[in-house]
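Subject: Two-chain model, handover

Hi,

Here is the structure I promised to pass on. Please load it first, then read the notes underneath.

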Amino acid sequence: MNYLSRQSNQAADFQSPAAASNQPPSEAREPILETPEKGLAPVECSNGRPETASKASPIPKAEGPIEPGQTRADWSPHWLTHWWPKLIEARLSLLSLIVFFILWEGVCYFGIIGPYQLVPPSKVIKIFILKLTEVNPDGAYLWAHALSSLGLAVLGFMAAALVGIPLGLLMGWYPRFNYIARPLFDIIRPVPPIAWIPLAILWLGIGVKAKAFIIFLASFVPCVINSFTGIRLTNPTLTRVAKIHGASDFTVFLKIGTPSAIPMIFTGLRLSLNAAWTTLVAAELLAASQGLGFMIQMGRRLARPDIVIVGMLTIGFLGAILSWGLTKAEKLFVSSRRLS
Amino acid sequence: MKFKSQFYPLFLGSLSLSAALLLWIIVNQMAGPRFLPNPLKVFEEIVRLFKTPLSGRTLIEHVIFSLRRVMAAYGLAIVTGLPLGLMMGWNATCRKIVMPIFEIFRPIPPIAWIPIAILWLGVAEGSKIYICYVGAFIILVLNSFTGTRYVDPLLIQAAKVFGASKKRLFLAVAVPAALPSIFAGLQNGMSMAWMCVLAAELVGGREGVGFIIIQGMNLDRPEMILAGMVVIGVLGTVLAAFLRLLEKLICPWRRQLV
């Protein structure tokens, strides 16, 4: 114990004297000492006091099975302790990525796959940067395409969430409402949203309206299903308690049912967002004058695989960012949630 | 009282359905059949498609074309995706090698593969099967991966205590424990493949149910689109029901919640 604590004090001084002098010593020491203590306590500590244990055998404690990240924290800089072990652990992944890109580059370089089928990653990066400031060959900058797609997806998604979540919650809470809405919903559900595209184009033309309608349909269904299931799974104990304390049915719905459905609602939102993004690409492939789907379609027509691949990767990247944002939003919501 | 409670849902449901039908007919009357044909005409169109061929094929043949593509892609995805996902879940080395590459392609929607698939494989069967394959493959890998990765450690420890070999641990503990997740993947994968075949046929096809609805759009015949949508919905429902049946037969020990 004493041995270790001395060492850690020295380390703190060595690393950043200012910080160490500002902090009370106990605070500086504790996080480093805690883990070895826990690891040894059940074996060596007989009367429950760690001091005696460490006095009895100070040497195995200092040299014993202490995790490498923690002992090294005593003397080595942050990047070495923090990033180096991670790098070592991820070396296989890194290697596989590098091999993948080299293979891709090589396949193109040696002409195994022709330039009208595949372009090397180096060219993809070049075209990506070029496309940010150039409108050829499809008539708009990459960011303009991306913004138009993102705007549409978010518009349709928001509308679907605003309508779908309350509908699902009401259907889950009030049986009468369920009996009325369920048959209609069950008729719409099995038809994939993509199958609505021709009808939507016939009805609303090829503009924003048709696409927003299709995206709305696509993200509507998961929202309804998940909020329905979520509120159905509300813990009956909670609702009974609320009722005993004199809450009206609507209050219970609002204060107990809805909050307890939030995790499921977020699952539904994530599915919705995926569906919205996928369907949007399909709609843009078929009929659009802007958007990432339109861009890759133009790339195909002009036999420009570089444009297609840049578009695909952008679509994937933006999709990943959207769902990442939703996960962040969920954390914000769920941490303030009391019921579980 | 009992009579009422038994038939009440039915009554309300039929009420809402007939209200929707009425709305349909009113819209049809007000906006004209070019906008929304009446339900009877849609039914007649389905019958007509059964009898008279559309671009050389009757409805049955179109359906068979679509189903064949889905089945080919689905079979391929099962053969390649399930083993890969299981390996990734079970073997850390395999996971570390495959995961980063997989993560690059995972967020790309399968439909975004359509243009490049056409560039690679032409507009014939190849590109359509490939797109459905990508859609089903990603879902199957993810589900079998999470299934084997998050097997209850208690089960594995118990099997180890009883002296199970690594192979037996995998085959007798991990795979059965992952089956519910795998089946969820099979169902989602099927609906994804079904959606992808539609998209592929919409973008470039000369046969299949997706072709019927896009042809309806090109010919400005909404009744044909609606007829195609009905057929698509029915087929999708049948496929999903078939998979649920299969799940009940193979994996009866845990039912999915939804």
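The notes below cover the interface, one pocket and one cavity.

Bear in mind that this is a predicted model.

**Interface of chain A and chain B**

On the chain A side, 48 residues are in contact with 47 residues of chain B. The two chains bury about 4,400 Å² between them. Carbon and sulfur atoms account for 84% of that area. Within chain A, the residues that lose the most area to chain B are L202(A), R300(A) and M312(A). Together they make up 13% of what that side buries.

What about polar links? The rule finds 0 salt bridges across this interface. There are 7 residue pairs in polar contact between chain A and chain B, counting pairs with both residues at pLDDT 80 or more.

Which elements of chain A touch chain B with two or more residues? They are α8 (91-109), α11 (175-188), α12 (197-204), α13 (208-232), α15 (249-286), α16 (292-301) and α17 (305-335). α17(A) gives the largest share, 8 residues. By class, this side of chain A has 38 nonpolar, 7 polar and 3 charged residues.

**Second largest pocket**

This pocket holds about 1,200 Å³ of space. It is lined by 36 residues. Which of them are the closest to its centre? From chain A, I187(A), I188(A) and W196(A). From chain B, A20(B) and W24(B).

Both chains supply elements to the lining. Chain A gives two or more residues from each of α10 (142-173), α11, α12 and α13. Chain B does so from α1 (2-31), α2 (39-51) and α10 (222-250). α1(B) gives the most, with 8 residues. The lining divides into 33 nonpolar residues, 3 polar and no charged.

Note that α11, α12 and α13 of chain A are on the list for the side that touches chain B, and they also give residues to this pocket lining.

**Second largest cavity**

The count comes to 4 cavities of 30 Å³ or more. The second largest has about 50 Å³ of space. Its lining consists of I197(A), I201(A), G205(A), I206(A), G207(A), A210(A), K211(A), I214(A), A283(A) and A287(A).

α12 and α13 of chain A each supply at least two of these residues. α13(A) has the largest share, 3 residues. How do the lining residues divide by class? There are 7 nonpolar, 2 polar and 1 charged.

**Where to look**

Start with α12(A) and α13(A). These helices give residues to the side that touches chain B, to the pocket lining and to the cavity lining.

Best wishes

Definitions and conventions
Residues are numbered from 1 along each chain as its sequence is written. Chains are lettered from A and ligands numbered from 1 in the order in which they are written. This is a predicted model: local features need pLDDT of at least 70, side-chain atom pairs count only at pLDDT 80 or more; totals for chains, interfaces and linings use all residues. Side-chain values use heavy atoms; hydrogens and water are left out. Contact means heavy atoms within 4.5 Å. Buried area is the accessible area (1.4 Å probe) that two parts lose on being put together, summed over both. A salt bridge is a side-chain nitrogen of Lys or Arg within 4 Å of a carboxyl oxygen of Asp or Glu. A polar contact is a pair of N or O atoms within 3.5 Å; within protein, one must be able to donate a hydrogen and the other to accept it, and residues adjacent in sequence count only if both atoms are side-chain atoms. Helices (H or I, at least four residues) and strands (E, at least two) are DSSP runs, numbered from the N terminus. Ala, Val, Leu, Ile, Met, Phe, Trp, Tyr, Cys and Pro count as nonpolar, Asp, Glu, Lys and Arg as charged, and the others, Gly among them, as polar. On a 1 Å grid over the protein atoms alone, a cavity is a set of points where a 1.4 Å probe fits but cannot get out, and a pocket is an open set with protein on both sides within 12 Å along at least five of seven lines; lining residues have an atom within 4 Å of a point. Grid points are joined across faces, edges and corners, and a volume is the space filled by probe spheres set on the points.
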